[in-house]
Amino acid sequence: MYKSWWKILGSALVIYTTIGGLLLGVPRLAILNETIRNLYFHVPMWFGMITLFSISVFYSIKYLLGADDEDDLKAVESVNVGIVFSILGLLTGAIWAKFTWGQFWSFDVKQNFTAIAILLYFAYLVLRNSIDEQQKRAKISAIYNIFAFPMMVVLIMVLPRLSDSLHPGNGGNPGFNSYDLDSRMRAVLYPAFIGWSIIGYWIYTIRFRIRSLENK
Amino acid sequence: MQFVKEVRHLLYKEVMLEWRSKYAINSILLYVVSTIFVCFLSFKSIEQKITWNALFWIIMLFASINGVSKSFLQESKGRQLYHYVLASPGAIILSKTIYNVLLMVGLTSIALVVYIIIFDYIPPDLPMFYVSVILGSLSFSTIFTMVSAIAAKAGNGGMLMAILSFPLIIPVMIILIKLSKNAIDGLDRSVSLDEIGMLIFINVITVCASLLLFPYLWRD
């Protein structure tokens with residue numbers, strides 16, 4: 001029990017934010033209306049993705065320093081789960097965009113750049129598949145992973161702030177924080193960040209254990 | 001000091017080899033000029049300046065992918081091994097990067113002149129546009145050199161090179177196109193400082209990452 005406290009914490013937070021996110025009060029805003037509840041599901045996906053990709057880079061660095069096969073497996077599995085989270089983030093975003101901006105794909109900078117960031121990690125997986133020798137594959141893909149990570153950060157966190165975007169907080173649009181994210185929403189949103197990150201980490205540890213059992 | 005000396009000697013070797021055969025320079029030059037000419041024949045004239053700008057960067061992108069990917073993909077295993085015995089891996093990647101930067105700056109400058117002459121249009125703020133061209137060839141060279149090293153190690157060159165480098169180069173392309181668009185619109189130069197700073201930042205990170213990672217890459 002004492003070892004799995006974080007799993008219980010993560011599940012409790014996600015259950016709380018799902019129920020609370022759908023039932024608790026939210027501010028009434030034009031255009032957004034009830035779709036503002038999607039904030040609790042859309043934004044935490046990006047937090048989960050960033051957490052998982054950071055874990056992946058951490059283990060890639062560790063692989064280069066120690067050449068342990070387990071670290072390579074951890075790096076690739078966290079990328080796999082991170083890609084799932086990023087696709088979920090794109091989907092929740094696309095649905096939200098349909099109801100507020102009018103189209104599923106509104107050619108918003110953040111949508112485009114996230115799609116490119118996903119391409120970056122698909123390229124990582126393609127690179128892995130192109131090399132047969134196990135140790136060589138681990139080493140080269142670890143190097144590409146580390147090399148690509150700063151670019152991913154620039155794509156997702158820096159570039160959208162330089163250009164116009166439909167997202168709040170970019171290109172002259174007021175951020176959620178400034179006027180309409182009241183304390184009721186914060187009480188659900190911040191636990192959701194932590195909860196979904198923990199769930200992502202949990203999925204990744206399970207994936208890693210399955211893969212290492214398969215390899216034995 | 002030893003490091004600087006190694007870099008200088010390797011750089012001298014690269015330039016010397018190129019100067020003897022003049023293969024890379026001539027082939028990429030021919031590639032760029034014929035691409036520009038093909039574009040001219042199909043477009044005739046470009047009314048919209050956005051298209052003019054985008055076309056220039058697309059031509060530059062493919063020219064530099066072809067030019068820079070040579071640096072590791074076309075070197076024989078034996079010669080690489082010989083270099084690795086003689087010099088530190090950091091010196092090798094740095095000398096290749098500097099050589100590629102020199103090569104690309106020269107080529108893109110010539111290409112810009114040809115492009116301007118053929119399409120008969122001069123951006124209002126030409127010095128600023130030239131700054132973006134210099135920064136562009138710098139970023140293309142630093143990123144593609146490292147990616148070509150990775151692709152060469154992975155074994156199957158050309159295809160992998162494109163897959164690996166396109167997602168990495170897209171953010172740079174977006175900033176570059178914005179920067180050169182500012183120059184075409186003749187905006188005040190202080191507007192472009194953000195983009196210039198961003199590009200320099202990306203280049204510094206890329207070179208640092210290459211220097212740190214290449215020593216792990218070259219060993220088989």
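This is a short talk on the contacts within and between chains A and B of a predicted model.

Hello everyone, and thanks for coming. Please keep in mind throughout that the model is predicted. I'll begin with the interface, move on to salt bridges and a few residues of chain A, and finish with the aromatic rings of chain B.

So, the interface. On one side, 27 residues of chain A make contact, and on the other side they meet 30 residues of chain B. Putting the two chains together buries about 2500 Å², and carbon and sulfur atoms give 83% of that area. How many salt bridges does the rule find across the interface of chain A and chain B? The number is 0. As for polar contacts, 2 residue pairs between chain A and chain B count. On the chain A side, three elements each supply at least two of the touching residues: α2 (39–66), α4 (109–130) and α5 (134–162). The largest share comes from α5(A), with 15 residues.

Now to salt bridges more generally. Side chains of opposite charge can pair when their charged atoms come close. Over all chains, the count here comes to 9 salt bridges. Let me show you one inside chain A: A:R128 pairs with A:D72, and their closest N and O atoms are 3.0 Å apart. A:R128 belongs to helix α4 of chain A and A:D72 to helix α3, so this salt bridge ties together parts that lie 56 residues apart in sequence. Both partners, A:R128 and A:D72, are buried.

Next, have a look at A:E77 and A:R211, whose side chains meet at 2.8 Å, N to O. This pair also links distant parts of the chain, with A:E77 in helix α3 of chain A and A:R211 in helix α7, 134 residues apart. Are the two partners buried or partly exposed? A:E77 has 0% relative accessibility and counts as buried, whereas A:R211 is partly exposed at 23%. There is a third member to mention here: A:E77, A:R207 and A:R211 are linked in a network of salt bridges.

Chain B has an example too, where the side chains of B:K13 and B:E14 meet at 3.4 Å, N to O. B:E14 is buried, at 10% relative accessibility.

Let me turn to two hydroxyl residues in the helices of chain A. A:T100 lies in helix α3, residues 69–100. A polar atom of the A:T100 side chain lies 2.8 Å from the backbone oxygen of A:W96. Leaving aside residues up to four places away in sequence, A:T100 touches A:I31, A:L32 and A:T35. Its relative accessibility is 19%, and A:T100 counts as buried because the cut-off is under 20%.

A:S197 sits in helix α7 of chain A, residues 183–215. The side chain of A:S197 reaches the backbone oxygen of A:F193 at 2.9 Å. A:S197 is buried, with a relative accessible area of 15%. Beyond residues up to four places away in sequence, A:S197 touches A:F47, A:G48 and A:T51.

That brings us to A:F47, in helix α2 of chain A. With the sequence neighbours up to four places away left out, A:F47 touches A:F193 and A:S197. A:F47 counts as partly exposed, at 40% relative accessibility.

Last topic: the rings. A pair of aromatic rings is described by the distance of the centres and the angle of the planes. Searching the whole structure gives 20 aromatic pairs over all chains. One of them joins B:F56 and B:W57, edge-to-face, with 5.4 Å from centre to centre and 75 degrees between the planes. B:F56 is buried at 1% relative accessible area, and B:W57 is buried at 1% as well.

What about B:F62 and B:F166? Their ring centres are 5.9 Å apart and their planes stand at 85 degrees, so this pair is edge-to-face. The pair connects helix α3 (residues 49–73) of chain B, which holds B:F62, with helix α7 (residues 157–185), which holds B:F166, across 104 residues. Both rings belong to partly exposed residues, with B:F62 at 36% and B:F166 at 27%.

Ring pairs also build a cluster in chain B, whose members include B:F56, B:W57, B:Y115, B:Y121 and B:F144. One cluster member, B:Y121, has B:K49 over its face, 4.3 Å from the ring centre. Elsewhere, B:K22 lies over the face of B:W19, at 4.6 Å from the ring centre.

That's my tour, and I'm happy to take questions!

Definitions and conventions. Residues are numbered from 1 along each chain as its sequence is written. Chains are lettered from A and ligands numbered from 1 in the order in which they are written. This is a predicted model: local features need pLDDT of at least 70, side-chain atom pairs count only at pLDDT 80 or more; totals for chains, interfaces and linings use all residues. Side-chain values use heavy atoms; hydrogens and water are left out. Rings of Phe, Tyr and Trp (its six-membered ring) pair if their centres lie within 6.5 Å; planes under 30 degrees apart count as stacked, over 60 as edge-to-face and the rest as tilted. Buried means under 20% relative accessible area, exposed over 50%, partly exposed in between (1.4 Å probe, protein chains only). Helices (H or I, at least four residues) and strands (E, at least two) are DSSP runs, numbered from the N terminus. A charge sits over a ring if NZ of Lys or CZ of Arg is within 6 Å of the ring centre and within 35 degrees of the ring normal. Contact means heavy atoms within 4.5 Å. Buried area is the accessible area (1.4 Å probe) that two parts lose on being put together, summed over both. A salt bridge is a side-chain nitrogen of Lys or Arg within 4 Å of a carboxyl oxygen of Asp or Glu. A polar contact is a pair of N or O atoms within 3.5 Å; within protein, one must be able to donate a hydrogen and the other to accept it, and residues adjacent in sequence count only if both atoms are side-chain atoms.
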